[in-house]
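Reader: I should like to understand how the terms used for a protein structure are justified. May we go through them one at a time?

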Amino acid sequence: MYTIKRTVGAIVAGIILAFSAGSISAADSSSPIVIPTHNWSSQVVMAYVVGGIFESMGNNVEYKSADSQAVYEAIRIGDVTISHEVWQSSFGKSFYNAMAKGGVIDAGSHSAPTLEEMGVPTWVIDKGLCPGLPNWEALKNCHKAFATADSGGKGRWLEGPQSWHGQLMPDRINALGLDSKYVVKFAGGADALWAELASAKKEGRATIIFNWTPNFTDAEGFTFIEFPEYTDGCRKADGGDGSCGSPKGWLKKAANYKFPKTHPAAYTAFSRMSFSTQDIGQMAALVDIDKMTHKDAAKKWLADHGDVWKPFTQAGM
Ligand code: TMO
């Protein structure tokens with residue numbers, strides 16, 4: 001009787017210990033946290049920044065090049081663990097579609113507000129190359145200033161790669177009645193946008209490109225065109241007529257639903273991660289202005305800004 005009591009007691013004590021140890025600090029799995037890389041600079045640099053933060057906590061990480069729309073389904077099924085830059089305008093729909101299917105969680109927002117929109121380098125306005133900008137209606141009277149060799153006499157909108165927004169901008173040009181005066185061309189990659197900014201500046205000619213903030217271009221001055229205000233459902237892809245601009249939006253983080261359980265410490269840090277407009281602009285500038293590799297840029301950013309990121313790893317503050 002005594003032995004049985006003692007054994008039962010020991011088992012109960014063991015269970016209590018096991019549970020309380022678990023709730024105090026469960027160890028992260030040694031399986032790698034899979035971080036996606038896409039095709040714009042801040043995202044790739046931030047991938048290595050976030051990976052470096054996880055590694056500083058003793059975690060293993062792996063990087064996977066992924067399509068920036070399809071990645072949300074990859075997160076949902078667990079092929080990719082997180083997304084650290086979910087831009088509302090470009091990816092909000094894919095993010096919520098995957099979430100609605102089950103398996104994607106919202107891991108909080110960065111402090112930086114975002115805008116992803118067509119615009120002009122601010123010197124185009126200062127030089128008066130299209131009077132009335134940034135109001136979009138000014139475009140009606142200056143399409144010739146934005147004509148290029150490949151635009152058939154129309155003004156050219158240089159969009160980003162088509163993988164970012166599909167038909168969004170062609171739909172918008174039609175919906176706003178600008179299709180007789182403007183045509184959309186898709187850049188092969190982000191670098192083509194920056195090359196166009198540089199050559200337009202050199203030649204002193206007007207140019208309209210797709211761009212976003214936070215970005216390295218914030219520093220020199222880039223002015224987004226003011227289109228009719230975005231409202232939920234206004235886009236063609238969402239059932240609207242398409243005659244609206246982009247949302248002044250959020251920048252979220254996403255994760256597979258198992259991540260908080262498999263890697264509780266890393267998830268806690270990830271949920272606390274919040275980068276500012278300045279942080280993200282710096283990450284892009286290290287590559288697009290200073291011409292560093294993404295990996296070196298991340299190393300430098302981490303080395304220079306421990307005051308920003310170390311607190312994310314200290315839970316319970
Ligand atoms: C998703 N992006 C920042 C390129 O607009």
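Reader: Which residues lie nearest the centre of the largest pocket, and how many residues line this pocket?

Author: This is a predicted model. In the model, 25 residues line the largest pocket, and Ser 89, Ser 90, Lys 93, Arg 235 and Asp 238 lie nearest its centre. The space in this pocket amounts to about 440 Å³.

Reader: Which helices supply at least two residues each to the lining of the largest pocket?

Author: They are α4 (88–101), α6 (162–165) and α7 (168–175). Of the contributions to this lining, that of α4 is the greatest, with seven residues. Sorted by class, the lining comprises 12 polar, seven nonpolar and six charged residues.

Reader: Why is the largest pocket said to lie between domain 1 and domain 2?

Author: The statement rests on the lining. Residues from domain 1 (30–111 + 250–313) and from domain 2 (115–238) both take part in it, so the largest pocket lies between the two domains.

Reader: What can be said of the lining of the second largest pocket?

Author: The second largest pocket has 19 lining residues, and those nearest its centre are Trp 194, Leu 197, Phe 216, Thr 217 and Glu 220. About 370 Å³ of space lies in it. Both α8 (190–203) and α11 (277–288) supply at least two residues of the lining, and α8 has the largest share, six residues. By class, 11 of the lining residues are nonpolar, five are charged and three are polar. Domain 1 and domain 2 each provide at least three residues of this lining.

Reader: What lines the largest cavity, and what is the volume of this cavity?

Author: The largest cavity has a volume of about 60 Å³. Its lining consists of Trp 40, Trp 87, Ser 90, Phe 91, Glu 116, Trp 164, His 165, Phe 210 and Trp 212. By class, six of these residues are nonpolar, two are polar and one is charged. At least two lining residues come from each of α4, α6 and β8 (208–213).

Reader: Why is the largest cavity placed between the domains?

Author: Domain 1 and domain 2 both give residues to the lining of the largest cavity, so the cavity lies between them.

Reader: How many aromatic pairs does the structure hold?

Author: The structure holds 22 aromatic pairs. One of them joins Trp 157 and Tyr 182, with 6.3 Å from centre to centre and 55 degrees between the planes.

Reader: Why is the pair of Trp 157 and Tyr 182 called tilted?

Author: Rings pair if their centres lie within 6.5 Å, and planes count as stacked under 30 degrees and as edge-to-face over 60. The values of 6.3 Å and 55 degrees satisfy the distance limit and fall in neither of those two ranges, so the pair is tilted.

Reader: What parts does this pair tie together?

Author: Trp 157 belongs to strand β6 (residues 155–159) and Tyr 182 to strand β7 (residues 182–186), so the pair ties together parts 25 residues apart in sequence.

Reader: Are Trp 157 and Tyr 182 buried or exposed, and how do you know?

Author: Buried means under 20% relative accessible area. Trp 157 has 0%, so Trp 157 is buried. Tyr 182 has 2%, so Tyr 182 is buried too.

Reader: What makes the pair of Phe 210 and Trp 212 tilted?

Author: The ring centres are 5.8 Å apart and the planes stand at 40 degrees, so this pair is tilted. Phe 210 has a relative accessible area of 1% and is buried, and Trp 212, at 5%, is also buried. Phe 210 and Trp 212 are among the members of one aromatic cluster, which includes Trp 40, Tyr 72 and Phe 91.

Reader: How do you know that Arg 172 lies over the face of Phe 227?

Author: One condition is that CZ of Arg is within 6 Å of the ring centre, and another is that it is within 35 degrees of the ring normal. Arg 172 is placed over the face of Phe 227, at 4.6 Å from the ring centre. Similarly, Lys 252 lies over the face of Trp 250, at 5.2 Å from the ring centre.

Reader: Why is Lys 291 called exposed?

Author: Exposed means over 50% relative accessible area. The value for Lys 291 is 64%, so Lys 291 counts as exposed. Lys 291 is in the loop between α11 and α12 (294–304), and has a positive phi of about 60 degrees although it is not a glycine.

Methods:
Residues numbered from 1 in each chain as written. Predicted model: local features only at pLDDT ≥ 70, side-chain atom pairs only at ≥ 80, totals over all residues. Heavy atoms only, no water. 1 Å grid on protein atoms, 1.4 Å probe; cavity = no way out; pocket = protein on both sides within 12 Å on 5 of 7 lines; lining within 4 Å. Points joined across faces, edges and corners; volume = space filled by probe spheres on them. Helix = DSSP H or I, 4+ residues; strand = E, 2+ residues; numbered from the N terminus. Nonpolar A, V, L, I, M, F, W, Y, C, P; charged D, E, K, R; others polar. Domains from an automatic or database assignment. Phe/Tyr/Trp six-rings, centres within 6.5 Å; stacked < 30°, edge-to-face > 60°. Buried < 20%, exposed > 50% of the residue type's maximum accessible area, 1.4 Å probe, protein only.
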